[in-house]
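Student: Please give me a close look at one part of this model. Start from what the record annotates, then work outward.

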Amino acid sequence: MSKLGSNHRINPDRLWDSLMEMAKIGPGMRGGNNRQTLTDEDAEGRRLFTSWCEDAGMTMGIDTMGNMFARMEGEDNSLDPVMIGSHLDTQPTGGKYDGVLGVLAGLEVVRAIRDQGIKTRRPIEVVNWTNEEGTRFAPAMLASGVFAGMHTQDWAYDREDAEGKKFGDELKRVGFVGDEPVGQRKLHSMFELHIEQGPILEIEEKDIGVVTHGQGLWWLEVTITGKDSHTGSTPMPMRKNAGLGMARITELVHQIAMENQPEAVGAIGHCDVYPNSRNVIPGKVVFTIDFRSPHRDVLDGMKAKLEAEAPKIAAELELGIEIEAVGHFDPVTFDERCVTSVRDAAERLGYSHRNIISGAGHDACWVNRVAPTAMIMCPCVDGLSHNEDEEISKDWAMAGADVLFHAVLETAEIVE
């Protein structure tokens, strides 16, 4: 790699301008974005991305899940490409960087390659994965999951949003059903740049997170049934309070996660209370437990303990309980060679770095099942994400994209 030195950098102003231009599409209420998947706003963002890619001399391919692949040809196009990418869709009250940074930094890598007259042996493709967020159509990482063979396309097409609209119908409506069979496209490897979505890098003043693992998760939906009755006239000993059952299981979830420190987390993030009236004791509560760990035995152990202990709490309170696993993926170990390329790039460029575990799911977690994959993280202010106040600095974006640039060039192989 004699031609690749620390003087090879991306254009930070151009990258930042692209981020700010994309952020104009689907603006939020207070500076963020609402560009949910397969909405008109998502389609507009996709069209802008397409125009930028074509201006950079790339050709666009789209598969039947709407995944977009912008290709820069290599010197030997018989070789499988190196992919770079993430997603352009956002949360309903999302920030300007989650996912978007990874896609537009990929575009900037290709632009920088063109500017600097670099030739690579392998082709390079910049990908926008459909419906990573999973907000409108559950589950998250839907299209990369189909690409990696984790879901069937028919099942994905039948996912419905809150209004009963189907994923397949909306994909067709916005005009992004491609003619390429999903999963057919081959790849040599993939790199995904993402904001950390946590506070570690900022607190430790590190420029780069070298992502070695991704947490696995279990989502357990718990239904507790009691008896709804008047809060004022039902004696305390005669109550069958489903809300109290949820409260005690909430404490249990926290206890289980704390018993498995470090690198294990657990919480209840969603609940529905019935009948949800001020003066009625809840007769039914449905809530979802989210357990995560990068270690398979720890992850499964937390699930097993919850399934053993929660029914005891319900029985003590004379409540019914059902527990159903509604989401799961195993922990991810990213490819050692790709991870080393990221770490070496950070060192070559003089950026401070540390190994880090991704606490969130990403498209790279699914793609890693079919090709060598690695992730790069940059800090975000206060670790805040999935929030319109999500923020990063231009310097952080530059550092992440510089490392991405070098890792991709090393993997795609510069032609002397």
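Tutor: UniProt positions follow the numbering used here, feature names are shortened, and annotations may be inferred rather than shown by experiment. The model is predicted: local features need pLDDT of at least 70, side-chain atom pairs need 80 or more, and totals for chains, interfaces and linings use all residues. Residues count from 1 along each chain as its sequence is written, and side-chain values use heavy atoms, without hydrogens or water.

Take the binding site. The unreviewed UniProt entry puts this feature at Asp98, Glu133 and His386. These residues are spread over 289 residues of sequence, yet they cluster in space, with a largest C-alpha distance of 9.6 Å. Asp98, Glu133 and His386 also belong to the lining of the largest cavity (grid points, 1 Å apart, where a 1.4 Å probe fits but cannot get out; lining residues have an atom within 4 Å of a point).

Start with aspartate 98. It sits in the loop between strand β3 (82-86) and helix α3 (100-115); helices are DSSP H or I runs of at least four residues, strands E runs of at least two, numbered from the N terminus. Aspartate 98 counts as buried because its relative accessibility is 5%, where buried means under 20% with a 1.4 Å probe and protein chains only. Leaving aside neighbours within four places in sequence, aspartate 98 contacts His87, Asp89, Glu133, His194, Ile195, Gln197, Ser385, His386 and Glu390. Contact means heavy atoms within 4.5 Å.

Now glutamate 133. This residue lies in the loop between β4 (124-128) and α4 (142-147). Its relative accessibility is 9%, so glutamate 133 is buried. Not counting residues up to four places away, glutamate 133 touches His87, Asp89, Thr90, Gln91, Asp98, Ala140 and His386. Both other site residues, Asp98 and His386, are in that list.

Next, follow the chain from aspartate 98 into α3. Helix α2 (residues 40-55) packs against α3 at about 15°, with the axes 10 Å apart. Axes are lines fitted to C-alpha atoms over the stretch in contact, and angles run from 0 to 180 degrees between N-to-C directions. Angles under 35 degrees count as roughly parallel, so α2 is roughly parallel to α3. At this packing, Phe49, Trp52 and Cys53 of α2 meet Val103, Leu104, Leu107 and Arg111 of α3.

Last, the other annotation. UniProt lists residues 215-315 as "domain: Peptidase M20 dimerisation", again in an unreviewed entry. This stretch is 38% helix and 34% strand, and its end C-alpha atoms are 32 Å apart. Lysine 303 lies in helix α9 (residues 296-316). With a relative accessible area of 16%, lysine 303 is buried. Outside four places in sequence, lysine 303 touches Trp218, Leu220, Phe291 and Ala325.

Definitions and conventions
1 Å grid on protein atoms, 1.4 Å probe; cavity = no way out; pocket = protein on both sides within 12 Å on 5 of 7 lines; lining within 4 Å. Buried < 20%, exposed > 50% of the residue type's maximum accessible area, 1.4 Å probe, protein only. Parallel < 35°, antiparallel > 145°, perpendicular 65-115°, else oblique.
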